[in-house]
Structure formats: C-alpha cells, structure tokens
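Me: I am new to this structure and would like a close look at a single part of it. Please choose one strand and follow it outward into its surroundings.

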Amino acid sequence: MVGSASASPRGEDTFPKILLHNAKVLGTRTAFREKDFGIWQSWTWSEVCEEIRAFSIGLKSLGIEAGDKVAIVGSNRPRLYWSMVAAQAVGAVPVPVYSDSVAEEMAYVLGHAEVKFAVVEDQEQVDKLLSMSEEVPTLKDVIYDEMRGLRDYDHTHLHSYESLQNKGRELQAQNSSLPREWEEGFAGGKGDDVAVMLYTSGTTGRPKGVMLSFDNLAVSARNANVFDHLDETEEVLAYLPMAWIGDHVFSLAQAFTAGYCVNCPESMDTIDVDRREIAPTYFFAPPRVFEMLLTHIMVQMEDAGKTKRAMFDYFMKIARKVGEKILNGEDVDAKDRILYRLGELLVYGPLKNRMGLTRMKVGYTAGEAIGPEIFRFYRSLGLNLKQLYGQTEASVYITLQPDGEIFGDTVGKPAPDVELKIADNGEVMYRSPGVFVGYFKNDEATEKTKTADGWVHTGDAGIIAENGHLKIIDRAKDVGKLNDGALFAPKYIENKLKFFPNIKEAVAFGHERDMVGVFLNIDLTAVGSWAERNNVNYASYQELAAHPDVYSMVESHVDQVNRDLSREPMMAGAQIRRFLILHKELDADDGELTRTQKVRRSFIADRYAPLIEALYDGSKTKHVRTEVTFEDGRKGAIEATVEIRDMEPHVPGKDYQEAAE
Amino acid sequence: MNAFATDMTAAPDGVSETAHREELLRVDNVSLSFGGVKAITDISFDILKGEIRAIIGPNGAGKTSMLNVINGFYHPQEGTITWRGKERRKMKPYEAASQGIARTFQNVALFKGMTTLDNIMSGRSLKMHRSFFWQVIWRGPAEREEIEHRRKVEDIIDFLEIQAIRKTPVGRLPYGLQKRVELGRALAMEPDLLLLDEPMAGMNLEEKEDMSRFILDVNQEFGTTIALIEHDMGVVMDLSDRVVVLDYGKKIADGPPEEVQANQNVIDAYLGVSH
C-alpha cells in the first residue's frame with residue numbers, strides 16, 4: 001500500500017533519502033509540473049531523481065563541499081526546488097532568498113549566510129549578485145536557469161543549469177559507479193543535520209537565519225500529512241516565495257514525505273489561470289489572496305446582468321444560512337439542503353471552478369488574521385478553508401483548526417506533537433519536534449527565543465479559550481497602553497479596519513499617547529471600481545485617496561469599527577479618534593512592509609513622523625514629501641497635502657460603563 | 001571583490017566589433033518629396049549586420065519617411081537602396097517583408113479585436129506554406145505546420161513575458177503591453193532587419209526599461225539587426241551602436257552615440273538655431 005506508507009509519520013529521515021524512496025515506490029507518479037510555452041510539462045518521481053542526481057554530481061564537480069551554503073534565488077521553478085535537494089545530497093545547505101528583495105537586503109542575507117554558490121533564475125538575479133560582490137566575498141560560482149541576456153557574460157564562474165547537469169550526466173556515463181557513490185554520500189546523513197536555512201523577514205531589525213534540521217521538517221510535514229489525510233494524490237500550486245517557510249514545507253517537505261505533485265505556474269501573472277487549470281486539492285494562501293479573489297468576484301458581480309445578480313444574491317443568502325452547517329456536518333432541514341444543492345449546481349460550483357478551488361480538500365490561511373466575512377464566504381461555499389498559526393522557528397505548525405471545529409476568532413488547537421503554554425506576560429510559547437536548531441551565527445538571539453528545555457517564545461500575546469483553541473491578540477511587544485491607562489492592541493484595531501474591502505492597509509498609533517490615531521491605505525481595486533461606477537475621475541492612487549467622497553466612505557468604516565470596539569469591554573477605551581488616508585501605498589520596496597507584506601510599524605513611525613505629529617496636534621491638513629525607492633534602487637519623491645479627520649467615539653457598552661463606575 | 005565578480009568584468013566589448021561586420025542595408029543619395037515638399041534630401045548611410053542603429057532627429061526631420069523608404073512603403077525619386085548586396089528596384093512592403101524586413105509602428109497597429117496569440121500568429125502568415133485549401137481542411141500537413149508555428153509563437157510569448165495576456169484581446173490591454181505585442185508580431189516573422197518606429201513613445205520609466213531590455217535581448221539572442229527611431233536620448237545612447245541624425249530631411253551627423261552627442265550640428269538642431 002503506497003498511500004498509507006507515504007502518509008505515515010515515520011520514514012526516511014533526509015530529503016535525498018526520501019527522494020530515492022519515492023523514485024522507487026512512486027516512480028511513475030507525477031512529482032512536478034511546470035507550465036512552459038503554454039503547456040504543462042511534467043516529471044515523474046524517477047525522472048526527478050535522475051534530474052537531481054545529474055545536477056548534484058555537476059555541483060560536486062564545481063568543488064562544493066559539505067557545509068557550504070547555496071543561495072537559491074528566483075520564483076517557483078522545479079529546477080530551483082531540485083537544486084535544494086541536490087545541494088542537500090552533497091551535504092551543502094540551501095538558503096532560499098526572497099527574489100524580489102532589493103539588492104541591499106539580499107546582500108545582507110547572502111553575506112551573513114556566507115554563501116559560496118548561488119542557483120538563480122535569470123539575468124536579473126545574476127546582475128543583482130554581481131552588484132553585491134563586496135558584501136558577499138565568499139561567493140564563488142553562480143548557476144542560472146535561464147540563458148536569456150547572459151550569452152555575452154564571462155562564463156568562468158557562471159554556469160547554466162543545463163550545462164552543469166549535462167556535465168553530471170557525462171561524468172556518470174564515464175564512471176558507472178558514480179551514481180552509487182552519490183547515494184552512499186548521503187546514506188550516512190542524519191535527521192538532525194541542518195537541512196535548510198531560512199531568513200525570517202524580520203518585522204523588527206535585521207533578518208535572522210533560522211536553521212532547520214531534516215527532522216524538524218520531515219516530522220512536522222508527516223504530522224501535517226496525517227492530520228489532514230494528505231497522500232500522493234494531492235496537487236498543490238507552488239506560487240508563494242520559496243524563501244518563506246510555508247512554501248518550503250508545502251511545496252517541498254510535505255510534497256516529498258507524502259509524494260504529491262507540485263505545480264509551478266507559468267509566471268507570477270498567470271497564477272489565476274494556472275490555478276484554474278490545476279485545481280489544487282491542497283491549497284495554502286495568505287488572507288490577502290482570498291481577499292483578492294473575493295474582491296474580484298464581487299466586482300464582476302456588480303457588472304453582471306440583473307438575473308445573474310439576483311440568482312447570485314439569492315443563493316449566497318442560502319449559503320450563508322446553511323453552507324457552514326452542512327460543511328461541519330450539522331443538521332439542516334431538508335428544504336434548505338435541497339436549495340443548497342441547487343445552489344451548488346447554479347452558483348457555488350461555477351464560482352469554485354472560476355477560482356480553481358473545485359477539487360480543494362483542505363485549504364489553509366495564515367500569516368495574518370482573515371476577515372470573518374471573507375472566511376465565512378469561502379466556507380459557506382463548501383470549501384474546507386481553515387486557519388493555522390505558525391512560525392518559521394516551528395517549521396510552520398503550532399496550531400491548526402481540526403475539521404469541524406472552526407471558529408473565526410481563534411487559530412485552532414495545538415498541532416500533533418506540539419505543546420502549548422501561555423507565559424505570565426501573556427506570551428504564547430510552544431515546544432515541538434519542529435522547533436528550530438538555532439539562529440545562524442547569532443547565539444544571543446537563539447538564547448533569547450528558545451529556552452534551555454526547548455520552549456520557544458512566539459512574541460505573540462494570546463489566550464487559550466475554554467474550548468482549547470488559541471486566540472492571538474497581538475504582537476506581545478506591540479500591546480501598549482494609552483495615557484489614560486486603556487489597553488491598546490494596534491493589530492486588533494488594524495485588522496478590524498482591514499476587514500473592509502475598501503481598506504487595504506492600516507497602521508494604528510496610540511501607545512503612551514492620549515488617543516488612538518490611524519493611517520489608512522485604500523484598496524485600489526475596490527475603491528477604483530466604486531469610482532468607476534460613481535463617475536469619480538482620478539489619475540492616480542494619490543488623487544483617489546484624497547477624494548472627499550472616498551474620505552466620507554472610509555469615515556463610515558472607521559465609525560463602524562469604533563462601534564464594534566465600544567461593545568468590547570477590553571477595547572472600548574481605544575476607539576479611533578483621528579484618521580488620515582496616506583498619499584501613497586505602503587510598499588515593501590520602500591521598507592514599509594516586510595516581504596510577506598506585514599506592516600513595519602516602527603519604520604513607518606519614523607518615516608511619517610510629521611504625519612503622526614499632525615495626527616496629535618489637531619491640525620486639519622498636513623503637507624508632506626516622501627521619498628520612494630524604485631526596484632532598481634533609484635529614488636524619487638512624492639508630495640501631497642493629506643487631510644486628517646476627527647471621529648466621535650461611541651459610548652462604551654453598558655457592561656463596561658458599570659465596570660468603570 | 002570575489003572571484004565570480006572579477007572575472008565577469010572582463011566581458012567582451014560590443015561596440016568595437018562593428019568595424020568587422022558586413023553590410024546588411026545601404027542607402028545611397030536617397031531623396032523623397034511629396035509634391036513640392038522635400039521630406040528627405042540626399043541621404044546616405046548603411047546598416048551593418050547585427051548592430052542596433054538609431055535614427056534620431058527633431059520632429060519632422062524625416063525619420064519615419066526614412067523607415068517607410070526602407071521597408072518599401074515609399075519609393076524615393078532619387079537614390080538607391082542596396083539590400084544584402086543587391087540593389088533594390090521598386091519594392092512593395094509585402095516583398096520587403098518576405099525578404100526579412102519587419103517593422104512596428106509609431107501608433108500601435110494591431111488587430112484590436114483579436115487576442116495576443118492570434119495577433120502574433122498573424123505575423124507568421126508569410127511563413128505558412130500550405131495552400132488556403134489545406135488550411136481550411138486543417139488536417140495532416142496543415143495541422144502539423146500550424147503546430148510548428150504555434151511553437152514558434154509560444155517561444156516569442158515566453159521571450160516577451162506576456163504569458164498572462166496570451167488570450168486577452170489586445171484592445172483591452174494597456175498601451176505599453178500593446179507595444180510589446182506589436183514587437184512580438186514583428187518578431188514572429190523572424191526578420192533579419194527589424195524597424196522600430198518609436199518603440200518607447202508614451203511609456204513610463206518602468207515600461208521603457210523593460211522595452212530596452214527586450215530590444216537588447218532580441219539583438220543578442222536572435223542576432224536580429226535593429227534600426228530604431230526614438231526620442232528618448234537616454235535610451236538611444238544606451239542601446240545603439242551607431243546613430244544617424246536627421247534634420248529637415250538632411251543627414252547632419254553619423255557615428256557612435258558619444259560622438260554624435262558632442263557634435264555641434266546636432267546640438268544646434270535640438271536646441272534650435274536659426275537656419
């Protein structure tokens with residue numbers, strides 16, 4: 001029985017060994033697909049094994065040694081995934097890096113990791129590496145996947161993936177014992193060897209290199225496979241940054257341990273089409289992706305004909321009423337059940353097909369809180385979307401929502417083999433087989449994060465609810481107090497704001513201040529579509545953001561958030577008193593967001609200091625000039641006069657009033 | 001500096017090579033007039049195989065007319081054009097096309113209602129050999145031929161990174177992308193000489209950078225000779241091997257970019273000195 005074997009929690013301990021095992025027992029099953037020239041090209045496990053072996057032997061001929069670090073830079077491509085395992089097979093450690101990071105960021109990571117080799121996607125990355133020769137003195141050879149534009153470069157220390165792989169094949173042809181020697185080379189590899197180094201995107205300070213062992217990854221992956229009954233028949237779409245732990249686990253660790261197929265999209269712009277064609281059975285996306293999909297559908301429905309819209313509205317009402325109950329296996333009366341079936345035929349089915357989620361068995365969202373409305377929308381369609389809570393340091397999994405136990409405001413129960421506790425200061429701590437080995441060249445940080453007996457500080461403040469589910473409130477260090485002593489949890493407020501489709505990003509201020517003030521970014525897709533329907537003309541984000549009607553619309557959202565906050569005893573004191581809409585979109589290129597699109601609060605506070613001042617000095621408008629960085633490192637500036645609006649707070653809920661008196 | 005970078009700086013220098021290149025096209029003493037208006041007066045220059053040749057000049061200098069002469073749309077009253085060593089008689093644009101000259105236009109000239117794929121496919125029509133009859137039947141050889149062409153077109157789509165708009169009608173695309181599709185259609189002809197009429201007009205900085213990259217890559221990967229008209233001097237100086245400057249239909253300078261840039265006639269023409 002192949003299926004049950006691959007989904008068992010035990011098995012080979014390193015990925016090269018798992019590869020050999022898969023090539024043997026799943027040899028003819030498709031392991032990787034990539035859309036190229038408009039056609040899905042595929043490789044079976046035994047073909048992948050041959051590809052990796054040839055490349056690995058080619059790498060060895062370059063003089064790669066055990067312990068060397070190999071940078072992997074590029075978008076999701078089979079060859080880049082293979083290079084990671086090829087490097088592991090010769091004892092080297094792959095270091096996947098965010099390919100869209102600006103040169104300075106990347107140089108720091110590569111220099112810190114002391115990479116000797118780099119496998120990159122194309123000319124863009126080669127040029128980037130060339131420009132950072134000072135910061136990365138250890139770099140010896142660079143291997144690229146795509147030849148284009150590189151023909152005239154000097155190839156002494158630059159190699160094409162293909163040429164290196166061909167060299168590996170030639171060497172094997174000359175020496176027939178080479179494949180066996182290659183296998184013997186990693187046969188002695190142990191589970192506690194370092195498998196990969198991933199740099200955390202670093203909401204604060206410089207990124208840290210998280211060292212994960214084969215055991216960390218393989219055990220966590222196998223546990224997750226068992227938890228969600230994943231086997232070699234699954235299909236996933238690999239489209240999230242390869243340097244992110246999530247992708248590493250879903251598209252490599254879990255794929256190898258379960259033996260399922262990883263599909264690489266044609267380009268970053270074709271993901272929607274590619275997903276529709278593949279229809280993944282196991283799908284992971286940050287909340288942002290689900291939000292975008294929903295926004296698209298809603299925008300298109302606005303433009304649809306009357307009949308279609310009426311049908312959509314009617315059946316979505318049915319879905320909201322009974323969809324989740326049916327998914328959770330609860331009792332629903334016969335009439336609704338029949339209507340839901342009809343809805344599946346007429347609305348939900350086509351909708352899921354449109355989103356490419358028809359075959360989805362399990363879907364996860366994590367990284368940030370997802371809007372309850374959005375979450376419910378997908379679940380009511382019958383999609384088993386769940387939340388998880390994880391970290392790079394934990395090899396992803398800390399808590400997971402078990403099937404049938406889905407609550408919008410909690411992130412689930414501890415994953416298999418994970419122990420969870422809340423420290424005295426409210427910080428969530430965990431211990432699991434996935435706990436990282438340590439931070440590379442940073443023992444101080446390792447000691448600060450990981451206790452001697454293996455507990456890890458998450459840095460998040462949370463509570464364990466009565467039903468055993470974990471609820472995350474905020475970053476432990478971000479939770480602060482207003483001057484009047486009221487609790488101020490910025491992320492809590494920001495998430496409430498971001499649940500409105502019109503608001504893309506929010507940054508709240510208030511710690512050690514008299515009141516809460518907020519920066520907002522509008523969502524250009526949602527507000528742009530609204531503008532089109534209401535004949536509002538605009539030329540740029542900046543112009544739309546400053547439009548009085550947009551301000552009024554956003555004001556009503558902020559008011560709604562205040563009303564919600566006023567009902568919660570803990571939060572009622574931290575209602576939003578003033579807000580402004582920023583004149584530019586927060587952007588990772590300007591350092592305002594991390595590469596995983598999380599807000600870098602302290603950086604923004606610095607950069608927009610004049611605006612914060614204006615929030616608190618009572619002025620109605622403020623003129624600002626902001627420097628922006630283009631992707632190639634050049635700088636420009638935008639200027640604007642930003643309007644600031646005052647908000648009337650709501651009277652706190654009755655319970656709270658009594659408690660206060 | 002690491003070993004990887006030191007060696008890289010020794011990459012061969014492209015400009016000095018032009019000296020040994022053979023001539024692809026030569027224009028001798030060409031004059032063109034419309035009624036009494038002289039568009040081009042006595043212009044001579046050559047285009048070498050494998051180079052990027054820029055034609056610049058102020059508005060109305062006769063640049064587009066020059067391109068139209070090269071691809072056979074206009075017939076000059078005087079002078080000769082030598083294409084691949086053979087002097088060329090009156091030639092129609094489609095004859096020029098079948099002999100390996102492709103072009104893009106100042107104002108995008110695509111089939112707006114057709115998809116990107118079909119637009120680029122239309123660039124292959126000169127390479128289709130099966131008769132109309134076979135193409136209608138679409139079996140056997142015609143089918144095989146179409147698959148072969150589709151493969152070529154997919155190469156171009158991949159090259160220009162327009163996979164995401166493969167099936168989008170071009171009328172719905174933003175201007176910058178339409179320009180890229182137009183370049184794709186010209187490339188589908190696998191031309192020896194590619195004429196680009198203001199490939200970057202109306203583009204923003206990022207689109208210009210992309211387009212420059214594509215032009216360089218086309219030149220390098222396919223070895224296509226390129227003659228381009230462009231107003232953005234930064235682009236011209238960076239891309240081209242040699243520049244010919246026109247003003248009021250006359251040639252006022254010809255040479256490598258840095259030389260042309262320093263030429264007093266050119267500076268006068270651009271800054272406007274009374275004639």
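Reply: What follows looks at one strand, its partners and the core around it.

This is a predicted model, in which local features need pLDDT of at least 70 and side-chain atom pairs count only at pLDDT 80 or more, while totals for chains, interfaces and linings use all residues. Residues are numbered from 1 along each chain as its sequence is written, and chains are lettered from A and ligands numbered from 1 in the order in which they are written.

The part chosen is strand β3 of chain A, residues 69-73, where strands (E, at least two residues) and helices (H or I, at least four) are DSSP runs numbered from the N terminus. Of its 5 residues, 5 are buried, a residue being buried if 20 or more other C-beta atoms, placed from the backbone, lie within 10 Å of its own, exposed if 12 or fewer, and partly exposed in between. In a regular strand the side chains alternate between the two faces of the sheet. In β3(A), Lys69(A), Ala71(A) and Val73(A) point one way, Val70(A) and Ile72(A) point the other way, and all are buried.

β3(A) pairs in the parallel sense with strand β4 (residues 93-97) of chain A over 5 bridges, and two strands count as paired if DSSP finds at least two bridges between them. In this pairing Val73(A) stands opposite Val97(A). Between the two strands the chain passes through helix α4 (residues 78-89) of chain A, making a right-handed β-α-β crossover; that is, with the strands pointing away from the viewer, the path from the first strand over the helix to the second runs clockwise. Strand β5 (residues 115-120) of chain A also pairs with β3(A) in the parallel sense, over 5 bridges, and here Ile72(A) stands opposite Val119(A).

These strands lead into the largest nonpolar core, which has 136 residues, and Val70(A), Ile72(A), Val97(A), Val115(A) and Ala118(A) are those with the most contacts inside it. Such a core is a set of buried Ala, Val, Leu, Ile, Met, Phe, Trp, Tyr and Cys residues joined through C-beta atoms within 7 Å. The core draws at least three residues from each of domain 1 (2-284) and domain 2 (287-475) of chain A, with bounds that come from an automatic or database domain assignment. Leaving aside residues up to four places away in sequence, Val97(A) touches Ala71(A), Ile72(A), Val73(A), Met106(A), Val109(A), Leu110(A) and Ala243(A), contact being C-beta atoms, placed from the backbone, within 7 Å.

Conventions: Contact = placed C-beta atoms within 7 Å.
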